[in-house]
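Subject: Handover of a structure for your review

Dear colleague,

I am passing the structure below to you for your further work. Please read the notes that follow it alongside the coordinates.

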Amino acid sequence: MSATKTSGSLRRYLLTRIALTLPMLLILLTIVFLLLRVAPGDPIRATLGDRLSSAEIEARSEALGFNDPLIVQYGRYLGGALTGDLGNPITDRRTTAGVIRDTFPATLELTLFAMLVAITVGVLIGAVSGRLRDTPFDVGGRLFGIVIYAAPIFWLGLLAQLVFSLRLGWFPTGSRMTGFDAPPRVTGLQTVDAVIALDPSALVTAVHHLILPGTTLGLVIGGIFIRLVRVNMLQTLRSDYVEAAHARGVGERAVLFRHAFKNALVPVVTIVGLQFALLLGGAILTERVFSWPGMGTAILRFLEARDYVGVQGIVTFFAIVVVVISLIIDLVNGLVDPRIRY
Amino acid sequence: MPSQLRVRLEHAARPFRQASRTAKVLVAVGLLITLVFTLAAFVGPEFHEYDGIQYRVEQEDGSYEQLPRLAPPSSEHLLGTTRDRYDVFARILDGGRLALAVVLFSTLIAMLIGVPLGLLSGYRGGKLDRALVTVMDALYVFPPLLLAIIVAFLLQAYLAQGVPSAAAAVGVVYIPQYFRVVRNHTLSVKQEPYVEAARSLGAKQHTIISRYVAFNVIQSVPVIFTLNAADAVLTLASLGFLGLGVQPPTPEWGYDISQAVIDITSGVWWTALWPGLAIVTLVTALTLVGEGLNDVINPLLRARGMSGAKLDDDAVSTAGGAARDGEGTLAPTADGDHGDDAPGGGP
């Protein structure tokens with residue numbers, strides 16, 4: 001891993017990767033535009049066709065520019081997407097950007113908490129399983145990993161509600177703090193806002209609300225981490241440098257933590273980014289089950305209202321988030337792993 | 001040519017005989033459960049007396065016997081009844097049939113689009129390849145469930161919510177996976193001497209692709225198929241849960257669970273628990289088959305020097321997950337130096 005030797009290729013990798021982001025984003029946005037703007041025809045008619053007269057629809061379409069040539073609308077859409085203007089939903093007074101501002105922090109807080117759970121569970125069980133290979137713990141850990149991944153998130157969420165809120169009464173069944181209970185909004189992440197407001201009771205309440213939905217979402221993703229960390233642990237334990245460490249008389253514990261464990265974690269970094277896409281998808285289901293007022297709830301509301309403009313706006317935001325995350329992960333990977341180059 | 005067929009079959013069976021015991025057990029257990037589900041789905045509905053829509057039993061005088069509402073599991077209703085007076089067990093059986101049908105059709109759709117595109121892209125290379133790879137990569141990083149939701153939502157305008165629309169929505173998600181694996185595999189097969197030989201003998205491009213390349217590449221498809229099948233069951237259930245699956249009240253596990261949400265608050269657990277358990281069991285079984293197959297087929301590929309270096313010979317390897325989640329970040333190196341998935345790597 002000599003830094004001087006690879007720095008040239010590293011710089012080239014980073015630059016190429018950044019340069020590739022724009023076409024990828026462009027393609028995703030084009031697909032979104034084709035699917036949600038071109039395919040359904042006039043969005044006003046598709047959304048309100050049964051509620052408004054033809055003349056009214058015509059007037060609104062004209063006013064909102066849906067009668068312009070598609071190429072003009074495409075240009076306007078791309079320009080808007082890149083400057084943060086994601087359109088005005090037909091069934092909501094707020095702009096799409098406004099809806100996202102109101103709901104994205106809730107989704108972010110949920111997914112970050114879930115990721116924390118997933119990594120903790122996955123790394124702990126995975127590493128111990130790998131170390132205690134073929135013991136009952138290993139078999140149990142692997143089975144848990146497979147079965148938990150096979151469980152539908154929404155079903156786990158329901159069972160969690162049934163047991164932990166209704167039977168045992170430990171946690172609220174869902175939703176976040178609202179109104180006066182919530183700490184003054186700074187970031188929108190209620191845990192962070194509570195810390196900023198120096199309000200310990202709000203922090204406790206925020207975490208209290210997060211635990212059930214976050215753990216549900218996190219456990220499912222954690223199943224993947226268990227398998228990944230376990231296999232990597234097995235591999236590193238068999239590797240030359242671990243053998244060399246043993247031969248040098250390094251203690252068992254030092255070998256495990258200093259040599260094997262650390263290296264077993266590198267691929268996890270890779271996979272964390274990928275899981276964000278799965279997490280965002282899972283968040284839609286989790287939010288539905290736990291009435292969590294996030295972006296998933298927002299897009300489901302637009303879907304039910306058949307509000308094409310609203311759906312298009314939120315999906316566009318998802319696309320941008322996904323592309324940015326995959327860029328960040330690839331950059332981190334490039335820095336961590338010198339084998340990843342173009 | 002029966003003798004030639006036998007040689008081919010034996011050739012195909014060899015990796016199974018050489019596989020580790022764990023892999024065999026995994027495949028066997030998974031196959032057994034899948035088989036039970038398939039049987040239950042196709043023979044099961046014959047065993048219950050309810051009609052497949054309203055779940056009522058017609059009486060001799062033409063009226064309908066009403067099932068009790070939210071009856072707990074009993075000898076009469078093995079797994080209880082729902083708010084809509086449906087028998088939970090009967091709905092699970094019928095839901096299984098629907099799930100298997102959608103899984104089959106959706107993977108078929110994904111294969112029919114993904115495999116030929118992957119072959120073409122990998123074999124032809126050049127601009128076409130670059131364009132297709134970029135589009136597929138873009139689709140691949142997109143949250144799969146959201147993609148399925150969008151397609152299901154769009155199809156609502158054109159198609160009734162039935163098996164075809166659900167299968168299309170679920171299938172779209174897996175096109176990039178088939179494309180990637182087949183394309184990467186094609187890239188390495190393309191360099192093989194026998195393909196070059198065929199080319200130098202003046203074989204037509206489409207003959208080379210269909211006779212020489214496709215036959216070799218196709219063996220990576222079963223693994224993705226079983227892993228996708230597991231995932232497809234979950235995706236279908238998720239769509240159903242969100243009301244974007246098949247038309248209610250068609251029995252579908254995800255939809256049935258969504259109808260059980262309200263029961264949970266009054267402490268009724270059987271309407272949610274059983275359909276979910278059915279999903280977990282079937283998905284676990286399909287995953288076991290997929291991972292077992294993966295383990296069986298990978299050593300073969302490795303022996304031929306075509307697999308990535310990171311594979312573990314342990315029964316449950318990362319590659320199982322990789323077909324579904326492990327590839328995205330490796331996108332820039334899709335040409336094969338980092339293929340986590342079985343057929344991805346270069347020699």
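The notes below set out what was found, chain by chain and then between the chains.

Please bear in mind throughout that this is a predicted model. Chain A has a mean pLDDT of 83, with 94% of its residues at 70 or more. Within chain A, confidence is lowest in helix α2 (residues 43-48), where the mean is 76, and highest in helix α12 (residues 295-304), where it is 91. As a general caution, predicted coordinates should not be read in detail where pLDDT is low.

Chain A

Chain A contains 13 helices and zero strands. Its C-alpha trace spans about 85 × 60 × 40 Å along the principal axes. Of the 342 residues in chain A, 44% are buried. Among the contacts in chain A between residues at least 6 apart in sequence, 74% join residues that are at least 24 apart.

Helix α5 of chain A (residues 96-131) has 36 residues, which at 1.5 Å a residue should span 52 Å; the C-alpha atoms at its ends are 49 Å apart, and this agrees. The same helix, α5(A), nevertheless carries a kink of about 40° at T103(A), shortly before the proline P105(A).

Two individual positions in chain A were also examined. F33(A) belongs to helix α1 of chain A (residues 3-38). With 19 other C-beta atoms within 10 Å, F33(A) is partly exposed, because a buried residue needs 20 or more. Its contacts, leaving aside neighbours within four places in sequence, are V38(A), Y74(A) and Y77(A). F33(A) and Q73(A) are 40 residues apart in sequence, yet their C-alpha atoms are 9.4 Å apart in space.

The second position, G140(A), is found in helix α6 of chain A (residues 136-150). G140(A) has 12 other C-beta atoms within 10 Å and is therefore exposed, as the cut-off for that class is 12 or fewer. From G140(A) to S129(A) the separation is 11 residues in sequence and 8.6 Å in space, C-alpha to C-alpha.

Chain B

Chain B has 13 helices and two strands. Buried residues account for 54% of its 347 residues. Of the contacts in chain B with a separation of 6 or more, 69% are between residues 24 or more positions apart.

Two helices of chain B deserve a note. The 12 residues of helix α5 of chain B (residues 144-155) should span 16 Å at 1.5 Å a residue, and the end C-alpha atoms are 17 Å apart, which agrees. Helix α5(B) is mostly covered, with 11 of its 12 residues buried. Among these buried residues are P144(B), L145(B), L146(B), A148(B), I150(B), F153(B) and L155(B).

Helix α9 of chain B (residues 205-217) spans only 16 Å between its end C-alpha atoms, whereas a straight helix of 13 residues would span 18 Å at 1.5 Å a residue. In α9(B), the residues I209(B), V213(B) and V217(B) are buried. An α-helix has 3.6 residues a turn, so residues three or four places apart point the same way. The cover over the buried residues of α9(B) includes α3 (88-124), α7 (175-190) and α8 (193-200) of chain B.

The nonpolar core and the interface

Which residues touch the most other members of the largest nonpolar core? In this core of 176 residues, they are A148(B) and V233(B). The largest share of the core, 17 residues, comes from helix α9 of chain A (residues 200-237). Not counting residues up to four places away in sequence, A148(B) touches A169(B), V170(B), V172(B), V173(B), T235(B) and L239(B).

Between the chains, 45 residues of chain B are in contact with 52 residues of chain A. On the side of chain B that touches chain A, at least two residues each come from α4 (126-141), α5, α10 (221-241), α11 (253-264), α12 (270-303) and α13 (318-326) of chain B. Helix α12(B) gives the most to this side, with seven residues. By type, the residues on this side of chain B divide into 26 nonpolar, 15 polar and four charged.

With kind regards

Key: Residues are numbered from 1 along each chain as its sequence is written. Chains are lettered from A and ligands numbered from 1 in the order in which they are written. This is a predicted model: local features need pLDDT of at least 70, side-chain atom pairs count only at pLDDT 80 or more; totals for chains, interfaces and linings use all residues. Helices (H or I, at least four residues) and strands (E, at least two) are DSSP runs, numbered from the N terminus. The expected span of a helix is 1.5 Å times one less than its number of residues. The bend at a residue is the angle between axes fitted to the seven residues ending there and the seven starting there. A nonpolar core is a set of buried Ala, Val, Leu, Ile, Met, Phe, Trp, Tyr and Cys residues joined through C-beta atoms within 7 Å. Two residues are in contact if their C-beta atoms, placed from the backbone, lie within 7 Å. Ala, Val, Leu, Ile, Met, Phe, Trp, Tyr, Cys and Pro count as nonpolar, Asp, Glu, Lys and Arg as charged, and the others, Gly among them, as polar. pLDDT is the predictor's confidence in each residue, from 0 to 100.
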